[in-house]
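Reader: Got a minute to walk me through this one? I'd like to start with the DNA side.

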2 protein chains.
Amino acid sequence: MEHRFVEKATGAIADKYRLSILLELSDKGSMTCTDIQELTGLSQPCVSHHVKQLTESGLVNARKEGRNLYLSLNKESLQQLSGFLEKLG
Amino acid sequence: MEHRFVEKATGAIADKYRLSILLELSDKGSMTCTDIQELTGLSQPCVSHHVKQLTESGLVNARKEGRNLYLSLNKESLQQLSGFLEKLG
DNA sequence: CGTAAACATCCAAACTTTTAAATATTTGGT
DNA sequence: ACCAAATATTTAAAAGTTTGGATGTTTACG
C-alpha cells in the first residue's frame with residue numbers, strides 16, 4: 001500500500017464540504033460540478049478546486065461529457081483505504 | 001456515524017509524520033513521545049503537537065505513567081473509520 | 001457566427017497548519 | 001532539596017489551504 005495514497009486520500013476526505021460531496025456521491029451515484037455548487041453553496045471556482053482535490057486523490061472519478069463533468073466514487077480506492085485502516089487497527 | 005469524527009480522524013492521518021507514527025504504533029503496540037522524536041527527527045514541541053492531534057482525533061490513546069506518555073492505537077475508532085469508508089464505497 | 005452554460009485557471013485575501021525556540025510543569029532519582 | 005528527564009505551553013515565523021472575483025476555455029444551441 002502506498003503511504004502517499006493514504007496521505008492524499010485522507011487529506012481529501014478531511015473537509016466538511018468534500019465529505020458531504022462523497023456522501024452525496026455514495027447516495028446518488030453521480031453528480032456534476034453544478035450539482036455540487038447547489039449542494040454546498042460554494043462558489044464555482046471553489047467547487048472546481050475541491051473537485052480537483054477529490055479526483056487527484058484517486059477517490060473520485062471524473063468523466064467529461066459535453067460541457068458537464070460527471071463525478072462518481074472510485075469504489076476500489078475507497079475499499080483500498082478502508083482495508084488499509086482495518087489492517088492498521 | 002459522526003461526520004465530525006470522520007473529518008477529524010482523516011485529518012489526523014493526512015500527514016506523513018502522523019501516518020508514520022500510526023504505522024509504528026500498529027507494529028510496536030506502544031510508544032512514548034521520545035520514541036516518536038527519534039522516529040521522526042522532529043523537535044519535541046512539534047512531536048507534542050502531533051501527538052495531541054492524534055489523541056484528540058480519537059485514533060490514539062494516551063496513558064501517562066510517571067514522566068512518560070504511552071501512546072497506543074485506539075483500534076475501535078480505526079475500525080469505525082474503516083467501516084465508514086467501506087460502506088461509503 | 002453569437003451567446004450562454006459548464007468548467008478551469010489565475011490571483012490575492014483570509015485562515016489554518018506546521019515548525020521550532022524559549023519557557024514552564026511534572027516527575028524520578030540522588 | 002536538587003538536578004535531570006519527559007512532556008506541555010507559549011509564541012512567532014513559514015508554509016499550506018480555502019475562498020471568491022475576474023477571466024479564460026470549451027461546448028451546445030439557436
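Author: Here is a quick tour of a DNA surface, one residue and a helix pair. It's a predicted model, where local features need pLDDT of at least 70 and side-chain atom pairs count only at pLDDT 80 or more, while totals for chains, interfaces and linings use all residues. Residues are numbered from 1 along each chain as its sequence is written, chains are lettered from A and ligands numbered from 1 in the order in which they are written, and side-chain values use heavy atoms, with hydrogens and water left out.

Reader: OK, which residues come nearest to DNA strand D?

Author: A:His50, A:Gln53, B:Thr34, B:Gln44 and B:Leu69, out of 23 residues around the strand. A residue is near if one of its heavy atoms lies within 4 Å of the strand. Of the strand D atoms that come within 4 Å of the protein, 63% belong to sugar and phosphate.

Reader: And which residue has a side-chain N or O atom by a phosphate oxygen of strand D?

Author: A:Arg18, at 3.3 Å. From the backbone, an N or O atom of B:Cys33 is 3.4 Å from a phosphate oxygen, and a polar backbone atom of B:Arg67 sits 3.0 Å from a sugar or linking oxygen.

Reader: Which element gives the most to that surface?

Author: H4(A), with 5 residues. Helices here are DSSP runs of H or I with at least four residues, strands are E runs of at least two, and both are numbered from the N terminus.

Reader: Switching topic: where is A:Asp15 found, and is A:Asp15 buried or exposed?

Author: A:Asp15 is in the loop between helix H1 (3-13) and H2 of chain A. A:Asp15 is buried, with a relative accessible area of 18%; buried means under 20%, exposed over 50% and partly exposed in between, using a 1.4 Å probe and protein chains only.

Reader: What does A:Asp15 touch?

Author: Leaving out residues up to four places away in sequence, A:Asp15 touches A:His50 and B:Glu7, with contact meaning heavy atoms within 4.5 Å. The A:Asp15 side chain also reaches the backbone nitrogen of A:Arg18 at 3.0 Å.

Reader: Last one: at what angle do H1(A) and helix H2 of chain B pack?

Author: About 120 degrees, with the axes 10 Å apart. Axes are lines fitted to C-alpha atoms over the stretch in contact, and angles run from 0 to 180 degrees between N-to-C directions. A:His3, A:Val6 and A:Glu7 of H1(A) make the contact with B:Lys16, B:Leu19 and B:Leu23 of H2(B).

Definitions and conventions:
Polar contact = N/O pair within 3.5 Å; in protein donor to acceptor, adjacent residues only side chain to side chain.
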